[in-house]
Amino acid sequence: MISIISTSVTPLLPYLICFVVFLIFFEQVSYLKKKKWVPGPAFVFPFLGSATSLVRHPTHFWDLQSSLAKSSALGFSANYIVGRFIIFIRDTDLSHKIFANVRPDAFHLVGHPFGKKLFGDHNLIYMMGQDHKDLRRRIAPNFTPKALSTYTSLQQIIILDHLKKWVRLSSQSVMKPIALRNLARDMNLETSQTVFVGPYLGREARQKFKVDYTLFNVGLMKLPIDFPGTAFRNARLGVDRLVKTLAVCAEQSKVRMETGEEPSCLIDFWMQETVRELTAASRAGELAPAHTSDLEIGSYLFDFLFAAQDASTSSLLWAVTLLDSHPEVLAKVREEVESKWSPDSDSLITAEQLGQMKYTQAVAREVLRYRTPATMVPHIAGEDFPLTENYTIPKGTIVFPSVYESSFQGFSEPDRFDPDRFSEERQEDRIFKRNYLAFGAGAHQCLGQRYALNHLVLFIAMFATLLDFRRHRTDGCDEIAYVPTICPKDDCMVFLSQRCARYPNFSVRKV
């Protein structure tokens with residue numbers, strides 16, 4: 001039997017080889033035609049392109065793209081990944097050109113090169129035009145001063161609980177440092193769960209949530225091979241379960257808001273207004289407004305979680321790293337915080353006190369500039385788009401505007417960590433506003449940026465005031481690693497101990 005099959009296949013083998021060679025040749029010609037004179041690899045590996053390098057050594061891959069973009073006056077470079085032509089942009093003005101042209105006939109924000117398979121159809125990331133504007137209007141009540149004040153209370157309680165846990169772990173490690181990355185990630189996950197859907201997610205559901213989110217996070221860094229058992233398939237199925245869980249939370253919040261209770265978390269502030277709209281539509285005999293179904297809201301909540309989770313973890317780790325390497329900055333933070341708030345008061349930091357911590361806020365903003373968590377914002381060209389007078393981005397290209405690269409352009413001594421650049425005297429955040437792209441730009445600029453900044457400021461204030469810490473420094477420990485946001489290569493190894501006489505005893509309890 002084997003002999004018969006071998007005999008029948010043998011005559012076809014030359015044709016098969018010719019066909020594969022033709023595909024490889026066609027692929028190479030197509031790549032070169034799209035690339036033109038743009039800096040980038042002269043040849044690409046068949047079918048995979050530079051995907052293996054991107055997955056195995058993402059830091060080196062993006063550093064190379066940046067170097068190529070710097071090698072000419074163009075401000076961008078080219079490459080090829082799993083059948084997709086890509087453009088990497090480091091020039092700030094060109095990045096703004098991408099952000100300003102998110103529309104059906106130009107660029108579509110994707111959040112991840114293969115994100116649509118992961119995130120699903122009902123997703124804020126992929127919306128545009130009036131539909132997108134209407135949804136952002138509905139989300140706006142989530143970030144009013146009253147809502148943010150509710151969140152800061154919850155954030156502080158969770159931060160305190162985890163800081164105490166970190167100190168215990170450090171004391172038990174017998175003079176060995178502890179890695180903060182996973183610890184900070186767990187803290188942020190609990191914060192997001194509590195702030196976003198507070199009372200609607202029980203202990204068991206939170207544990208399952210953590211498992212599924214870990215699957216999602218792993219899948220983000222793998223090749224998009226959607227077969228059973230692969231990391232990408234596990235990530236996609238994990239997202240499906242997460243969205244369904246969040247949809248149930250939205251349903252329960254609607255019921256609670258219909259009774260007139262006060263909002264206690266983000267979904268409540270959102271559903272309070274949504275319930276009013278649904279009630280008004282029902283009384284008028286009209287259909288329910290768009291984007292108000294539980295499943296859709298669950299999908300949008302997952303967007304928030306994705307935006308808040310790993311980016312926040314990255315910022316917290318770099319804050320610890322940079323405070324340790326800049327003791328003069330740490331001393332000024334401690335002095336300012338202690339002049340506004342004392343752990344002995346057993347009171348939460350108020351919104352007013354938070355607003356008075358100008359220097360600590362400047363430190364947080366400089367952390368975000370110096371180590372922008374989500375370094376790039378992937379878009380896909382829906383049509384051919386003239387990027388410059390001499391180069392048109394071909395339809396289907398994945399475009400990576402680098403907000404990280406923009407952060408090191410324009411600012412005075414951009415390679416230096418200097419919170420004073422955001423002082424009232426220097427105001428570099430206003431002078432170089434176009435270069436400060438940590439929260440994006442254009443129609444899809446981050447809605448929750450005040451929430452994210454508050455979280456970072458609160459963490460810096462409490463971490464610096466309540467704890468003494470020391471980095472365990474080794475060669476290359478502060479090099480950038482993509483996981484998928486950027487973090488210190490060693491996961492931020494530290495020694496921790498209690499600094500305050502006693503921890504504050506917050507009277508407020510978790511929802």
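Biologist: Which residue in S12 is the bridge partner of Arg470?

Modeller: In this predicted model, Arg470 has Phe495 of S12 as its bridge partner. Phe469 is likewise matched within S12, its partner being Leu496.

Biologist: What makes S9 and S12 a pair of strands?

Modeller: At least two bridges between two strands are required. S9 and strand S12 (residues 493-498) have 5 bridges and run antiparallel, so they qualify as paired.

Biologist: How do you know that S4 and S12 pair as well?

Modeller: The count of bridges joining S4 to S12 is 2, with the strands antiparallel. Since the requirement is at least two, the pairing holds. Within it, Ala179 stands opposite Met493 of S12.

Biologist: Which strands are the edges of this sheet?

Modeller: The open sheet has 3 strands in the order S4-S12-S9, with antiparallel pairing. Strand S4 (178-179) and strand S9 (467-471) are called edge strands, as each pairs on one side only.

Biologist: How many residues of strand S1 are buried?

Modeller: Strand S1 (residues 76-81) is mostly covered, with 6 of its 6 residues buried. Phe76, Ala78 and Tyr80 point one way, Ser77, Asn79 and Ile81 point the other way, and all of them are buried.

Biologist: What do S1 and S2 form, and how many residues lie between them?

Modeller: The two strands form a hairpin with 2 residues between them. Strand S2 (residues 84-89) pairs with S1 over 6 antiparallel bridges, and Ile89 of S2 is the bridge partner of Phe76. In the turn, Val82 has a positive phi of about 45°.

Biologist: Why is the contact between Lys254 and Asp294 called a salt bridge?

Modeller: The cut-off is a side-chain nitrogen of Lys or Arg within 4 Å of a carboxyl oxygen of Asp or Glu. For Lys254 and Asp294 the N to O distance is 2.8 Å, so the criterion is met. The pair links distant parts of the chain, with Lys254 in helix H11 (residues 231-258) and Asp294 in helix H13 (residues 294-325), 40 residues apart. A search of the whole structure finds 33 salt bridges.

Biologist: Why is Lys254 counted as buried and Asp294 as partly exposed?

Modeller: Buried means under 20% relative accessible area. Lys254 has 12% and therefore counts as buried. Asp294, at 23%, is above that limit but not over 50%, so it counts as partly exposed.

Biologist: Why are Arg276 and Glu273 said to be separated by about one helical turn?

Modeller: The reason is their spacing of 3 residues in helix H12 (residues 266-283). Their side chains meet in a salt bridge with an N to O distance of 2.9 Å. Arg276 is partly exposed at 48% relative accessible area, and Glu273 is also partly exposed, at 29%.

Biologist: Which residues belong to the network that includes Arg426 and Glu428?

Modeller: Arg426 and Glu428 meet in a salt bridge at 2.9 Å, N to O. Salt bridges that share partners join Glu366, Arg369, Glu413, Arg416, Asp418, Arg421, Arg426 and Glu428 into one network. Glu428 is buried at 5% relative accessible area, whereas Arg426 is partly exposed at 29%.

Biologist: How do you know that Cys477 is in no disulfide?

Modeller: A disulfide requires two cysteine sulfur atoms within 2.5 Å. The nearest cysteine sulfur to that of Cys477 belongs to Cys492 and is 8.7 Å away, so the criterion is not met. The structure as a whole holds 0 disulfides. Cys477 is buried at 4% relative accessible area, whereas Cys18 counts as exposed at 53%.

Biologist: What makes Ile17 eligible for a nonpolar surface patch?

Modeller: A patch residue needs over 30% relative accessible area. Ile17 has 47% and counts as partly exposed, so its accessibility passes that cut-off. Ile17 lies in helix H2 (residues 13-35). The patch covers about 1,000 Å², and its members include Ile17, Phe19, Phe22 and Phe47.

Biologist: Which residues does UniProt list for "transmembrane region"?

Modeller: The unreviewed UniProt entry lists residues 12-31 and 37-55. In the model, residues 12-31 are 95% helix and 0% strand, with end C-alpha atoms 29 Å apart. Residues 37-55 are 26% helix and 0% strand, with end C-alpha atoms 26 Å apart.

How values were computed. Residues are numbered from 1 along each chain as its sequence is written. This is a predicted model: local features need pLDDT of at least 70, side-chain atom pairs count only at pLDDT 80 or more; totals for chains, interfaces and linings use all residues. Side-chain values use heavy atoms; hydrogens and water are left out. Patches are made of residues with over 30% relative accessible area and no salt bridge: like charges are joined within 9 Å, nonpolar side chains (Val, Leu, Ile, Met, Phe, Trp, Tyr) within 5 Å. Accessible areas come from the Shrake-Rupley method with a 1.4 Å probe; for residues, only the protein chains shown count as cover. Helices (H or I, at least four residues) and strands (E, at least two) are DSSP runs, numbered from the N terminus. Buried means under 20% relative accessible area, exposed over 50%, partly exposed in between (1.4 Å probe, protein chains only). UniProt positions are given in the numbering used here, feature names are shortened, and annotations may be inferred rather than shown by experiment.
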